[in-house]
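Thanks, everyone. I'll keep this short. Please look at the screen.

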Amino acid sequence: MKGSALRSEGGEPAMWVLGGLMVLVLAVAGALIGGFATSFGGHLKVAQTAVQMANTSGTTAATLNLTIVTGEMMGQGAVGPAYVPSDFTVPAHSTVKVTVTDFDGATPLTGSLVKYSKVSGTVGDVMQVQGINPLAPNTTVGSLHTMNHLAPALVGHTLTIAKLGINVPMAGQSRITFEIKTGGPGVYQWECMDPCGAGESGLGAPMGEGGFMAGTMTVAG
Ligand SMILES: [Cu+2]
């Protein structure tokens, strides 16, 4: 009897602590879910609010280098082109400088796809474009341009992360640089919206194929 009374006395405070913790967890989860819902609703403006919040707690800088290789570069039988790597990780609450070296040529954007010729979701909604000679890729062709869009006919691929409102059109045979600001941790699908694949529509392989023209950006906390 005495033993069970003691257990009961001992149990009550524990239950209160447990109950309090659960309320706290629910409150934090609610705040996080609400925050993500407004931060990553696909609207850049809201995402910038999330970044400003991150800035007050200090941001870090990171770099990400991607290469777009052609089917020819991969050899006979390849379904290319492809982004290399196609799955990449960037730090949370950071400014990430992205450099994409595009060895491929252009596949014009037409019809409803023309909207993907516009830069969005990057710092300043711009990118820098520097032409390269694919036969001597460490040399440059022409001068460096800061652009907020490309002529639809010059687009070779896009790096599009719909959930984050990010779209960057890649100029053919160029080095493209831009900055993105990351929010909290998460895994985001990216895909190329340029009809660079097989078939008359250009929407066949490797369009939408992971490891080629689709993949994931992991934002790691
Ligand atoms: Cu593509």
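First, a term: two strands pair if DSSP finds at least two bridges between them. Keep in mind that this is a predicted model.

Start with strand 1. Strand 1 and strand 2 are antiparallel, paired over three bridges. One contact to find there: V69 has A82 in strand 2 as its bridge partner. Now the other neighbour. Strand 1, residues 60–69, runs parallel to strand 4, and nine bridges join the two. Look for T63, which sits opposite K97 in strand 4.

Next, the core. The largest nonpolar core holds 32 residues. Those with the most contacts inside it are V100, M127, V168, M170, I176, F178 and M213. Several strands supply at least two core residues each, among them strand 2 (82–84), strand 4 (94–102) and strand 12 (213–220). Which strand gives the largest share of this core? Strand 8, with four residues. As background, nonpolar side chains in soluble globular proteins tend to be buried together.

Stay with M213. What does M213 touch, beyond residues up to four places away in sequence? The list includes A82, Y83, C192, C196 and P206. A82 is also the partner of V69 that I showed earlier.

Last stop, G131, in strand 5. Buried or exposed? G131 is partly exposed, because 16 other C-beta atoms lie within 10 Å, and buried would take 20 or more. Setting aside neighbours within four places in sequence, G131 contacts T140, V141, G142, Q173 and S174. Then there is R175. G131 and R175 are 44 residues apart in sequence, yet their C-alpha atoms are 6.2 Å apart in space.

That's my tour. Over to you.

Methods
Residues are numbered from 1 along each chain as its sequence is written. This is a predicted model: local features need pLDDT of at least 70, side-chain atom pairs count only at pLDDT 80 or more; totals for chains, interfaces and linings use all residues. A nonpolar core is a set of buried Ala, Val, Leu, Ile, Met, Phe, Trp, Tyr and Cys residues joined through C-beta atoms within 7 Å. A residue is buried if 20 or more other C-beta atoms lie within 10 Å of its own, exposed if 12 or fewer, and partly exposed in between; C-beta atoms are placed from the backbone. Two residues are in contact if their C-beta atoms, placed from the backbone, lie within 7 Å.
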